[in-house]
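Here are my notes on the model you sent over, as numbered points. Have the structure open while you read.

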Amino acid sequence: METPIPSGVNFHRLKCWEKDWLYDHRCRHGHRYTEHPDCYLAEYGNRLSTIEKIGFVDIEATNLKADFGYILTYSLKELDGELRHRMITPKEIKTYQFDKGLMRQFLKDIETFDRLVGYYSRDYRFDIPYLRTRALRWGLDFPKWKEYLFTDVYDIVRGKLNLHRNRLEVVCDLLDIPAKGHRLNPEVWMRAQAGSLRALQWVQQHCDEDVISLEQVYKRLFQFKGVNKASM
């Protein structure tokens, strides 16, 4: 039987009385529900005001450093739900607007989520610091500490598996998960940066495939590590 995925409880968005109830009542293991939130979900179901909504995120950018580059595309997929994305347009490149509109849309798209999940994405890594930097570049309000929770699947792979490389593609090969149908090469990358619509669409498809495969990896591996309370 497949193990169900714990949706978790986002304590930062609960009402005060709900927090008090979870603290004052205990699960079948004798622990407070604040310590065993998944027991609450298993025993009572979705009766709190906020149950975690999880989104998988990935970006593709022109440079590894966000002060010299900009974001070409992002993909955002709800757990077992819809996929949203936005790519930069050739006009935005040619008029030097770059990823300003894209960042506005990204910040709007994540509003419905409680937890984001990425791969090699948390602080000191790539996606989230890059997104934060580009938001600051355009004077946009990026989520503050503890506003969203974040899980980096790379930490699960590095800590719980023993692979020759910890890249997402290697994990997908191990777990027989389809990945990288639209591989990127230097020619596609340079054409995308120059504003080729066809190349940009290829990069977007590549990014979409990454979040789809990331979701499948998460479903297979989450059970080996507890649900973290790390902030984005």
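1. A quick definition before the sheet: two strands count as paired if DSSP finds at least two bridges between them. Keep in mind that this is a predicted model. With that in hand, look at strand 4 (residues 115–118) and strand 5, which pair in the parallel sense over 4 bridges. In that pairing, glycine 118 sits opposite aspartate 152 of strand 5.

2. Now the whole sheet. It is open and built from 5 strands in the order 3-2-1-4-5, with mixed pairing. Strand 3 (83–87) and strand 5 (149–152) are the edge strands, each pairing on one side only. From one strand to the next, the twist averages 20 degrees.

3. Which strands does helix 4 (residues 100–109) lie across? The answer is strand 1 (54–61), strand 2 (71–78) and strand 3, and helix 4 runs at about 15 degrees to strand 2. Helix 9 (residues 197–221) also packs on the sheet, where it touches strand 1, strand 2, strand 3, strand 4 and strand 5. The direction of helix 9 makes about 35 degrees with that of strand 2.

4. Serine 75 deserves a closer look. This residue belongs to strand 2, and it counts as buried because its relative accessible area is 0%, where the cut-off is under 20%. The serine 75 side chain makes two polar contacts worth clicking on: one with the side chain of glutamine 204 at 3.2 Å, and one with the side chain of aspartate 208 at 2.5 Å. Leaving aside residues up to four places away in sequence, serine 75 touches a list that includes Phe56, Arg84, His85, Cys207 and Val211.

5. Now see the serine 75 contact from the other end. Aspartate 208 is in helix 9, and with a relative accessible area of 11% aspartate 208 is buried. Again setting aside residues up to four places away in sequence, aspartate 208 touches Ser75, Leu83 and His85. The C-alpha atoms of aspartate 208 and leucine 76 are 7.9 Å apart, although 132 residues separate the two along the chain.

6. Helix 5 (residues 127–137) has these buried residues: Asp127, Ile128, Pro129, Tyr130, Leu131, Arg134 and Ala135. Their cover includes strand 1, strand 2, helix 4 and strand 5. After helix 5 comes glycine 139, with a positive phi near 70 degrees.

7. On to helix 6 (residues 153–160). A side-chain oxygen of aspartate 152 comes within 3.1 Å of the backbone nitrogen of tyrosine 154 at the start of this helix. Val153, Tyr154, Asp155, Ile156 and Val157 are the residues of helix 6 to note as buried. Among the elements covering them are strand 4, strand 5, helix 7 (168–175) and helix 9.

8. How many salt bridges does the structure hold? There are 14. One joins arginine 122 to aspartate 155, with the closest N and O atoms 3.0 Å apart. Arginine 122 is in the loop between strand 4 and helix 5, aspartate 155 is in helix 6, and the two are 33 residues apart. Arginine 122 is partly exposed at 31% relative accessibility, whereas aspartate 155 is buried at 18%. Salt bridges with shared partners connect Arg122, Arg125, Asp152, Asp155 and Arg158 in one network.

9. Two further salt bridges to check. Lysine 53 pairs with glutamate 78, the closest N and O atoms being 3.9 Å apart. Lysine 53 is in the loop between helix 2 (37–44) and strand 1, while glutamate 78 is in strand 2, 25 residues apart. Both ends are partly exposed: lysine 53 at 24%, glutamate 78 at 22%. In the other salt bridge, glutamate 82 meets arginine 84 at 3.4 Å, N to O. Glutamate 82 is partly exposed at 48%, but arginine 84 is buried at 17%.

10. Last, the cysteines. The disulfide count is 0. For cysteine 39, the nearest cysteine sulfur belongs to cysteine 27 and is 3.8 Å away, whereas a disulfide needs the two sulfurs within 2.5 Å. Cysteine 39 is buried at 12% relative accessibility, and cysteine 207 is buried at 0%.

Technical notes:
Residues numbered from 1 in each chain as written. Predicted model: local features only at pLDDT ≥ 70, side-chain atom pairs only at ≥ 80, totals over all residues. Heavy atoms only, no water. Axes fitted to C-alpha atoms, helices over the stretch in contact; angles between N-to-C directions. Contact = heavy atoms within 4.5 Å. Buried < 20%, exposed > 50% of the residue type's maximum accessible area, 1.4 Å probe, protein only. Polar contact = N/O pair within 3.5 Å; in protein donor to acceptor, adjacent residues only side chain to side chain. Salt bridge = Lys/Arg side-chain N within 4 Å of Asp/Glu carboxyl O.
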